[in-house]
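Here is a friendly walk through one protein model, written for someone meeting it for the first time. Have a look at the sequence and the fold, then read on.

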Amino acid sequence: MAKVVIYSKEYCPFCKAVKALFDSLDQAYENIDIAEHPERRDEMIEKANGRTTVPQVFVNGKHLGGNDDVQALHKKGQLQPLLYAEDA
């Protein structure tokens, strides 16, 4: 299985939606709440090429974007191949 990291905030509805998607796919993920760990925010921004909004999702170190980006990948059938790639 792939290593998924989600930078989020607890009260964010878009964060909840993207986590629910991964839960529905039985995909484990590391959740980094930047409200609880504000020192990780700059790390997220750097990894996400300057994007400052949450969620920001990474699969095996590759930046997928926010909720809309990840949901679009899933609808196109392009998310699960990333999660089950042989090099994952």
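Let's start with a hairpin: β3 and β4 form one, with two residues between them. In that turn sits Asn60, with a positive phi of about 50°. Keep in mind that this is a predicted model. The two strands, β3 (residues 56-59) and β4 (residues 62-65), run antiparallel and are joined by three bridges. Val57 of the hairpin stands opposite Gly65 in β4.

Val57 is a good residue to follow further. Leaving out residues up to four places away in sequence, Val57 touches Val4, Val5, Ile6, Val18, Phe22, Lys62, His63, Leu64, Gly65 and Val70.

Which residues touch the most other members of the largest nonpolar core? They are Val4, Phe22, Val57, Leu64, Val70, Leu79 and Leu83, out of 14 residues in that core. The elements giving two or more residues to this core are β1, α1 (13-24), β3, α3 (67-75) and α4 (79-83). The largest share, three residues, comes from α1. There is also a second, separate core of 11 residues, with Tyr7, Cys12, Met44 and Ala48 among them.

Now for the rings. A search of the whole structure turns up two aromatic pairs, and here they are side by side:

| Pair | Centre to centre | Angle between planes | Arrangement |
|---|---|---|---|
| Tyr7 and Phe58 | 5.8 Å | 80° | edge-to-face |
| Phe22 and Tyr29 | 6.3 Å | 55° | tilted |

The Tyr7 and Phe58 pair links distant parts of the chain: Tyr7 belongs to strand β1 (residues 4-8) and Phe58 to strand β3, 51 residues apart. Both of these residues are buried.

Why is the Phe22 and Tyr29 pair called tilted? Its planes meet at 55°, and a pair counts as tilted because its angle is neither under 30 degrees, which would be stacked, nor over 60, which would be edge-to-face. The partners also sit in different surroundings by accessibility: Phe22 has 0% relative accessibility, so it counts as buried, while Tyr29, with a relative accessible area of 25%, is partly exposed.

Finally, the cysteines. Are Cys12 and Cys15 buried or exposed? Cys12 is buried, with a relative accessible area of 8%, and Cys15 is buried too, at 0%. As for disulfides, the structure holds zero.

How values were computed
Residues are numbered from 1 along each chain as its sequence is written. This is a predicted model: local features need pLDDT of at least 70, side-chain atom pairs count only at pLDDT 80 or more; totals for chains, interfaces and linings use all residues. Side-chain values use heavy atoms; hydrogens and water are left out. Rings of Phe, Tyr and Trp (its six-membered ring) pair if their centres lie within 6.5 Å; planes under 30 degrees apart count as stacked, over 60 as edge-to-face and the rest as tilted. Helices (H or I, at least four residues) and strands (E, at least two) are DSSP runs, numbered from the N terminus. Buried means under 20% relative accessible area, exposed over 50%, partly exposed in between (1.4 Å probe, protein chains only). A disulfide is a pair of cysteine sulfur atoms within 2.5 Å. A nonpolar core is a set of buried Ala, Val, Leu, Ile, Met, Phe, Trp, Tyr and Cys residues joined through side-chain atoms within 4.5 Å. Contact means heavy atoms within 4.5 Å. Two strands pair if DSSP finds at least two bridges between them.
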